[in-house]
Amino acid sequence: MSQIVYQRSAGLQDVETHYCPGCHHGIIHKLIAETLVELDLCASAVGICPVGCAVYAGNYLNCDFIEAAHGRAPAVATGVKRTRPNLPVFTYQGDGDLAAIGAAEIMHAAMRGEKFTTIFVNNAIYGMTGGQMAPTTLEGQKSTTSQLGRDRQHHGLPVRMAELLSTLDGMAYAERVCVADMPSLHKAKRAIKKAFTLQMQGIGFTFVEVLSTCPTNWGMSPVAAGQWVKDTMTQYYPLGVIKDVEGTL
Amino acid sequence: MQKELWKGNEAIAEAAVRAGCDAYFGYPITPQNEIPEYMSRRMQEENRVFVQAESELAAINMVYGAAAAGMRAMTSSSSPGISLKQEGISYLIGAELPAVIVNMMRGGPGLGTIQPSQSDYFQATRSPGHGDGHMIVLAPSGIQEAVDLMQDSFDLADRWRTPVMMLADGMIGQMMEPIAWKQRPAAPAVDKPWATTGQGERGHTNFVTSLRLDSVDNEAFNEALQQKYADIGRQKTRYEEVDCEDAELILVAFGTTARIALSAARKLRQEGIRAGLFRPITLWPFPTLALQQVAGRPNVRAVLTVEMSAGQMVEDVRLALCGAKPVHFFGRTGGMIPEPAQVAQEIRRILKEEQA
Amino acid sequence: MKAKVTFNLDRCKGCGLCVSVCPKHILSLDETVTNVKGYHPSGIIDQDKCIACGNCARICPDSVITVEKFPEDK
């Protein structure tokens with residue numbers, strides 16, 4: 001009799017995704033899927049998907065989903081969680097969605113300590129619309145709207161959302177992770193599971209920032225892109241726990 | 001029936017609570033601030049949801065979330081804040097979600113004034129949000145009617161899976177009138193199998209969305225939406241006609257302006273001038289057939305539309321009558337309120353003109 | 001212990017992430033094969049060396065890999 005070491009998670013719908021080869025959305029979706037299965041939340045979870053490449057996340061994850069307008073997912077999640085507090089609620093947002101147009105919504109959700117989880121996929125670029133500069137694009141990084149590279153004089157320096165939001169009392173748990181190699185992937189899974197667990201305990205707003213690749217718009221192979229996350233992105237966006245109120249209690 | 005003296009904004013808020021509003025999300029803006037203020041206390045008393053959002057934009061998106069989760073959700077604002085909500089309203093329409101939105105209109109454009117106006121008629125009836133879509137628009141002309149229509153707002157929203165706007169003005173919001181709280185049988189609760197309540201034993205996930213990238217799908221959706229609007233329009237549109245049977249001039253006005261117009265008409269009766277009032281209550285769908293019928297009577301020589309705007313509803317009046325009778329317009333803008341004497345003067349002038 | 005790694009070849013996008021995380025370096029993209037999407041799908045080139053760690057399956061963004069292990073013959 002064989003023993004399954006790993007197979008496709010039941011937390012995913014059995015469909016192909018539209019994501020580019022090697023896109024980390026696929027990996028992050030899996031970690032959420034596995035978490036929902038392990039915590040037995042597939043039947044009750046409601047996810048809010050962004051405008052961005054993950055606009056179709058509701059077709060891929062095996063739980064109820066709501067499509068939000070660009071940046072508004074934290075407000076939508078507030079509407080769901082406040083009226084149905086027993087449901088696990090999470091937003092899944094990219095860097096343009098969360099840190100540009102949605103900056104007010106995410107800030108106030110954290111400020112109010114809304115009891116949902118945000119998975120923030122930070123790949124330092126606008127993916128869906130073809131590679132424009134994002135609030136998290138690194139200094140010197142080229143994009144279609146910063147063709148000579150991000151310039152601090154003209155564009156300012158990028159924003160570290162996990163740290164910024166952690167200055168707010170309502171933030172209960174914030175960790176930055178990546179999925180660029182196996183040890184990092186396991187840590188990312190643990191962080192996501194912890195975020196959902198704390199939500200179900202009613203602790204407060206939980207936030208996992210996942211440094212991710214966009215091989216297509218970075219102009220790199222998937223493997224090289226993963227390396228760029230490890231070598232370059234983590235220099236500006238350090239991995240690790242930024243805030244954990246449970247740890248200080 | 002026992003009557004109580006209530007301020008418009010507070011009565012509308014209380015009416016929403018009694019109509020079963022589960023969640024209110026709002027933001028301060030004059031002249032509707034009493035609504036979020038009242039709701040902040042009242043919803044807590046009822047153990048329901050109240051959030052003062054970070055903006056009107058956030059508030060409408062909170063409504064969207066609560067509505068998607070199958071709850072009765074509401075927001076209120078005034079003109080500039082409604083502009084911010086247009087994106088969210090379009091999404092509500094595209095996802096076919098029920099919601100109630102109250103607009104206490106103020107003079108614009110831009111930041112404008114806090115005084116009353118009716119200059120968001122176009123926005124409400126033509127373009128609640130981008131794209132081909134509508135919401136039901138109800139226009140009370142006083143506090144009692146606003147209170148009565150609030151129950152209808154929630155019921156219509158649920159029944160038709162559409163946002164519903166109560167379009168009022170700062171006068172209605174700020175004034176006080178005696179009202180009666182009528183006991184009404186509750187409309188049967190509407191089943192919401194499409195709501196995101198967790199898939200449970202449902203057997204499939206629900207995905208509330210307005211994204212339809214394939215134009216074939218999107219056209220089919222739009223056609224179904226237009227069919228829904230045709231069905232709504234075929235239901236009884238609502239209006240009131242006063243003193244129109246023998247009228248030689250029909251005034252068409254809604255909201256506060258209707259009461260002013262009626263004052264003018266009643267005064268003129270003493271001078272032997274026969275003016276009547278046709279008051280649309282559903283601004284969308286517009287009571288076109290009823291207006292055609294009333295204005296089409298042989299004794300009617302002219303129609304005068306009176307609005308607190310540069311002339312918005314008058315276009316629907318002209319569209320309805322298609323040249324059958326001459327349509328005139330009188331309005332005040334920028335937050336100015338017309339006086340009955342001004343309306344009366346206009347009526348006299350028009351009838352004299354029509355005579356000549 | 002024997003291990004068996006199976007690929008849903010039609011869903012593989014040839015991204016190469018599985019190849020990069022295999023500790024035994026026994027995966028590779030077969031450039032002589034093109035799947036229905038037009039990609040060179042991944043495949044295992046020496047099943048006997050597989051230790052059933054599951055790394056490949058865990059990192060695959062498209063969940064095309066299943067890893068099984070069999071008890072050792074006594």
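## A tour of chains A, B and C

Begin in chain B, where α1(B) passes α6(B) in a right-handed crossing. The model is a predicted one.

**Stop 1: the helix pair α1(B) and α6(B).** Select residues 8-18 of chain B for α1 and residues 143-160 of chain B for α6. The two helices pack at an angle of about 20°, and their axes are 8 Å apart. With angles under 35 degrees counted as roughly parallel, α1(B) is therefore roughly parallel to α6(B). To see the contact itself, display Gly8(B), Ala11(B), Ile12(B), Ala15(B) and Ala16(B) on α1(B). Facing them from α6(B) are Ile143(B), Ala146(B), Val147(B), Met150(B) and Gln151(B). Coloured by class, this contact shows eight nonpolar and two polar residues, with no charged ones.

**Stop 2: the five-stranded sheet of chain B.** Remain in chain B and select the strands β10, β12, β11, β14 and β15, which form an open sheet in that order, with mixed pairing. The edges are held by β10 (239-242) and β15 (327-331) of chain B. Each of these has a single partner strand, so one side of each is left without a neighbour in the sheet. From one strand to the next, the twist averages 20°.

At the β15(B) edge, add β14(B), residues 302-307. β14(B) and β15(B) pair in the parallel sense over five bridges. A convenient position to label is Val306(B), which stands opposite Phe330(B) in β15(B). Next, select residues 340-355 of chain B, helix α12, which packs on the sheet. This helix touches β11 (249-252), β12 (275-280), β14 and β15 of chain B, and its direction makes about 155° with that of β14(B).

**Stop 3: from chain B to chain A.** Show both chains together. Two pairs of chains are in contact, and chains A and B share the most contacts. The contact takes 29 residues from chain A and 34 residues from chain B. On the chain A side, select α2 (57-60), β3 (64-67), α3 and α5, the elements that each give two or more residues. Helix α3(A) provides the largest share, eight residues. By class, the side of chain A that touches chain B has 15 nonpolar, eight polar and six charged residues.

The strands also meet across this boundary. Select β3(A) together with residues 207-208 of chain B, strand β9: two bridges join them, and they run parallel. Ile66(A) has Val208(B) as its bridge partner in β9(B).

**Stop 4: the helix pair α3(A) and α5(A).** Both helices were named at the boundary with chain B; now examine how they pack on each other. Select residues 73-83 of chain A for α3 and residues 103-112 of chain A for α5. The angle between them is about 40° and their axes are 7 Å apart. α3(A) and α5(A) are therefore oblique to each other. The contact involves Pro74(A), Ala75(A), Ala77(A) and Thr78(A) of α3(A), and Glu105(A), Ile106(A) and Ala109(A) of α5(A). These residues comprise five nonpolar, one polar and one charged.

**Stop 5: chain C by itself.** Hide the other chains and select chain C, which contains two helices and four strands. Along the sequence, they follow the pattern β-α-β-β-α-β. Taken along the principal axes, the C-alpha atoms of chain C fill a box of roughly 45 × 20 × 20 Å. For 74 residues a compact globule would have a radius of gyration near 11 Å, and the 12 Å of chain C agrees with this.

**Stop 6: chain C against chain A.** Restore chain A. Here 24 residues of chain C are in contact with 25 residues of chain A. On the chain C side, select α1 (17-21), α2 (55-59) and β4 (65-70), each of which supplies at least two residues. β4(C) gives the largest share, five residues. The side of chain C that touches chain A divides into 10 nonpolar, seven polar and seven charged residues.

Now select β1(A), residues 3-6, alongside β4(C): three bridges join the two strands, which run antiparallel. Within β4(C), Val67(C) is the bridge partner of Tyr6(A).

**Stop 7: chains B and C.** Finally, show chain B with chain C. These two chains do not touch, and their nearest C-alpha atoms are 20 Å apart.

Definitions and conventions
Residues numbered from 1 in each chain as written. Chains lettered and ligands numbered in written order. Predicted model: local features only at pLDDT ≥ 70, side-chain atom pairs only at ≥ 80, totals over all residues. Contact = placed C-beta atoms within 7 Å. Nonpolar A, V, L, I, M, F, W, Y, C, P; charged D, E, K, R; others polar. Pairing = 2+ DSSP bridges. Axes fitted to C-alpha atoms, helices over the stretch in contact; angles between N-to-C directions. Parallel < 35°, antiparallel > 145°, perpendicular 65-115°, else oblique. Left-handed = near helix turned anticlockwise from the far one by under 90°. Rg over C-alpha atoms; globule rule 2.2 N^0.38 Å.
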